[in-house]
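Reader: I'd like a close look at one part of this protein, the aromatic side chains and the packing around them. Could you walk me through it?

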Amino acid sequence: MPFAINIIKFSTDHKSNASYEPELHPGVTYKIKEPKATMKIFSTGSITVTAPCVLNVQAAIEHIFPIVYEYRQERSNSCIEAMHRKEKLSSLRQETSNDLKRRRLAVDADEVENEDDDGCMDSDQSWE
């Protein structure tokens, strides 16, 4: 969600569908029967949805958004900084992944150049 959520108040007000045990898990578990779905709702505004199909996931998000919107709160500066660090780390991981893919393609191209006419690589070349 584009906002933080007061999960303590949320879980207190929605006891029939929500359970919150901070000693065991940092998020509220929210279950709905129709559509069948279970959600983990975190104070950061992140929501993880588990459902038997994509349509149920979409319906669950449409169901929960107006409910959690009532419990929205401003994100703290530390939360915003953590989100920026996470985005930066994710970006670096993506760059690293792309670099590895380019290297693999280059190695594959080199191996093709070193193949004999019959398509087999010389056993000595395989160790280089």
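Author: Let's start with Tyr71, keeping in mind that this is a predicted model. Tyr71 has a relative accessible area of 9%, and since anything under 20% counts as buried, Tyr71 is buried. Its partner here is Phe10: the ring centres are 5.5 Å apart and the planes sit at 80 degrees, so the two make an edge-to-face pair. That contact links distant parts of the chain, with Phe10 in helix H1 and Tyr71 in the loop between H2 and strand S6 (72–73), 61 residues apart.

Phe10 itself is buried too, with a relative accessible area of 0%. Phe10 also pairs with Tyr30, this time in a tilted way, at 5.6 Å centre to centre and with 45 degrees between the planes. Tyr30 lies in strand S3 and Phe10 in helix H1, so this pair ties together parts that are 20 residues apart in sequence. Tyr30 is buried, just as Phe10 is.

There's more aromatic business elsewhere: a search of the whole structure turns up 5 aromatic pairs. Phe3, Phe65 and Tyr69 form one aromatic cluster, and Arg72 lies over the face of Tyr69, 3.9 Å from the ring centre.

Now for the packing. Phe10 and Tyr30 both belong to the largest nonpolar core, which has 18 residues. They are among the members that touch the most others, along with Ile5, Met39, Ile41, Ile64 and Val68. Helix H1 (7–13), strands S3 (28–32), S4 (37–41) and S5 (47–50), and helix H2 (54–69) each put in at least two residues. H2 gives the most, with 4 residues.

Ile41 is a handy place to see how this fits together. Setting aside its neighbours within four places in sequence, Ile41 is in contact with both Phe10 and Tyr30, and its other partners include Ile5, Val28, Ile47, Ile64 and Val68.

Ile47 takes us on to S5, where Ile47 and Val49 make up the covered face and Thr48 and Thr50 the uncovered one. In a regular strand, side chains alternate between the two faces of the sheet. S5 pairs with S4 in the antiparallel sense over 4 bridges, and Thr38 stands opposite Thr50. The two strands form a hairpin with 5 residues between them, and Gly45 in the turn has a positive phi of about 105 degrees.

Terms used:
Residues are numbered from 1 along each chain as its sequence is written. This is a predicted model: local features need pLDDT of at least 70, side-chain atom pairs count only at pLDDT 80 or more; totals for chains, interfaces and linings use all residues. Side-chain values use heavy atoms; hydrogens and water are left out. A nonpolar core is a set of buried Ala, Val, Leu, Ile, Met, Phe, Trp, Tyr and Cys residues joined through side-chain atoms within 4.5 Å. Buried means under 20% relative accessible area, exposed over 50%, partly exposed in between (1.4 Å probe, protein chains only). Contact means heavy atoms within 4.5 Å. Rings of Phe, Tyr and Trp (its six-membered ring) pair if their centres lie within 6.5 Å; planes under 30 degrees apart count as stacked, over 60 as edge-to-face and the rest as tilted. A charge sits over a ring if NZ of Lys or CZ of Arg is within 6 Å of the ring centre and within 35 degrees of the ring normal. Two strands pair if DSSP finds at least two bridges between them.
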